[in-house]
Amino acid sequence: MMSGRILSVAQKLSKDFTGENLNFKSISTDTRSIAKGALFVALEGKNFDGNEFISEAERKGAIAAIVSKKLKSNLPQIEVEDTKIALGILAKSWRSNFKLPVIAITGSNGKTTVKELISSIFKQTYKICITRENNNNEVGLPMTLIDLEEKDEVLVLELGANHPGEISYLSSIAEPTIGLITNVGPSHLEGFGSVNDVAKAKGEILDYLSPIDGTAIINADDSFYSYWKNKSKARNTITFGTDENADCFIASQIEYINGNSLFKICLPDKTLIDVDLPLLGSHNILNALAASLVGYISGIKPKDIVSGLSSVKKVKGRLCPLLGKKKSTILDDTYNANPISTKAAIDYLSSFEGKRIFIFGDMAELGSSKEKFHSEIGRYAIGKCDIFFTIGDLAKLASIEFGSGSESFDNKTKLISRIESYLDKDVMVLVKGSRFMKMESIIDELVQKNDG
């Protein structure tokens, strides 16, 4: 974890400071969790100004602050033009002290799951530093780098973006040795404009991989595979995918048993490994392939790859099967939604042999094509589920496309009441929607409560 003297920070930022040259023990951007002896970075955003919290930071134990304007305070201060940029400079400087593998993951879907899978694999052998939760932006990533300690042997990072240039900025700070692109799809289109622009933005990571010892890992099933492969200047560019055209591929049929996915992976040297993955859906199979490939090229033994995949924990809200009322099965996929992840969830629902119910809420950040993408979901679900319920104005368009067997609601209470009349041991209910729709409130009403 980054620590030192205020003077050294000022020198890194090419700025002067006022006050005493004290030692700080950590760096914090949040007064709610700030530790005693911390250097407080007063970030500014659309709806907040960290400069206004300097008194609270001091009261909670901060010993100095980086600010964007000189403030009345007893704390030593370093004044900069942009505190967020200052945080990035400090993170990059701290990262330069560590000569270790840095695995950076980006893409429209699967970033967090792939990160957790990779971490689980590497934990079998190494001590790792990892992006916490999905803190993958211009603040979260620098704070992860600042958390690096001498004991850490591998750094696993998630890189998110909602506008062009963000992956480039994050990559310039992280300096990855391995860059992985999971896929591309229509997400954050309000910030990007088109799927082509999303692909270009995700491909920014490839510009920061070394032609001497860098490795790019690309999804061979993705429609932008050729674009990324040609763009990559890394020494090695290797692929994962569903068939043998990829360097790492699925080598068997997939079985879903007791909430797990069972299948074989063929590694690049043709070694076959049997995987018992505690995650569901074909998209998670691809995520496991990507993680296995990272482990393989990093010298992880096949048995440790298998062990890591099998011991990963389910992520709440990401296609998690739960016991529902009347012994039904509720699939909680409420963490977020975009067209790719929604279709992947529908694909898994379609494999269920009983009655299949899909509850679909609006998807966010799809730009001017939002109506088209919602309508597509309705058409895609035909034949893959038996009953199609929606909530939200945009999701209603999907209901219209689905046709017979569909119903739209403008009230969650009415929707829940309608669903409950269908629940039975032979029923599976998939719940999916973007975070602003708060679809988890539907899950709460459908799961079997433990009265004990």
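**A five-stranded sheet and its helix**

In this predicted model, five strands form an open sheet with mixed pairing, and their order across the sheet is 2-7-6-5-4. Strand 2 (17-18) and strand 4 (26-28) occupy the edges; each has a single partner strand, so one side of each is left without a neighbour in the sheet. In general, the strands of a sheet pair through backbone hydrogen bonds, in either a parallel or an antiparallel sense.

The pairing of strand 4 with strand 5 (residues 38-41) is parallel and runs over three bridges. Within this pair, S28 stands opposite F40 of strand 5. Helix 3 (residues 83-95) packs on the sheet, where it touches strand 4, strand 5 and strand 6 (64-67). The direction of helix 3 makes about 120° with that of strand 6.

**Salt bridges**

The structure contains 22 salt bridges. Three of the pairs are set out below.

| Pair | N to O distance | Relative accessibility of each residue |
|---|---|---|
| K325 and E420 | 2.8 Å | K325 26%; E420 26% |
| K343 and E376 | 3.7 Å | K343 24%; E376 22% |
| D426 and K425 | 3.4 Å | D426 42%; K425 53% |

What do the side chains of K325 and E420 form where they meet? They form a salt bridge, with 2.8 Å from N to O. K325 belongs to the loop between strand 18 (320-323) and strand 19 (329-333), whereas E420 belongs to helix 15 (residues 412-420), so this pair ties together parts that are 95 residues apart in sequence. K325 counts as partly exposed, and E420 is likewise partly exposed.

A further salt bridge joins K343 to E376, whose closest N and O atoms are 3.7 Å apart. Here K343 lies in helix 12 (residues 339-350) and E376 in helix 13 (residues 370-381), so the pair ties together parts that are 33 residues apart in sequence. At 24%, K343 counts as partly exposed; E376, at 22%, is also partly exposed.

The side chains of D426 and K425 meet in a salt bridge as well. Is each residue of this pair exposed or partly exposed? D426 has a relative accessible area of 42% and is partly exposed. K425 has a relative accessible area of 53%, and because the exposed class begins over 50%, K425 is exposed.

Finally, salt bridges also occur as a network, which links K92, R95 and E175.

Definitions and conventions:
Residues are numbered from 1 along each chain as its sequence is written. This is a predicted model: local features need pLDDT of at least 70, side-chain atom pairs count only at pLDDT 80 or more; totals for chains, interfaces and linings use all residues. Side-chain values use heavy atoms; hydrogens and water are left out. Two strands pair if DSSP finds at least two bridges between them. Helices (H or I, at least four residues) and strands (E, at least two) are DSSP runs, numbered from the N terminus. Contact means heavy atoms within 4.5 Å. Axes are lines fitted to C-alpha atoms, for helices over the stretch in contact, and angles run from 0 to 180 degrees between N-to-C directions. A salt bridge is a side-chain nitrogen of Lys or Arg within 4 Å of a carboxyl oxygen of Asp or Glu. Buried means under 20% relative accessible area, exposed over 50%, partly exposed in between (1.4 Å probe, protein chains only).
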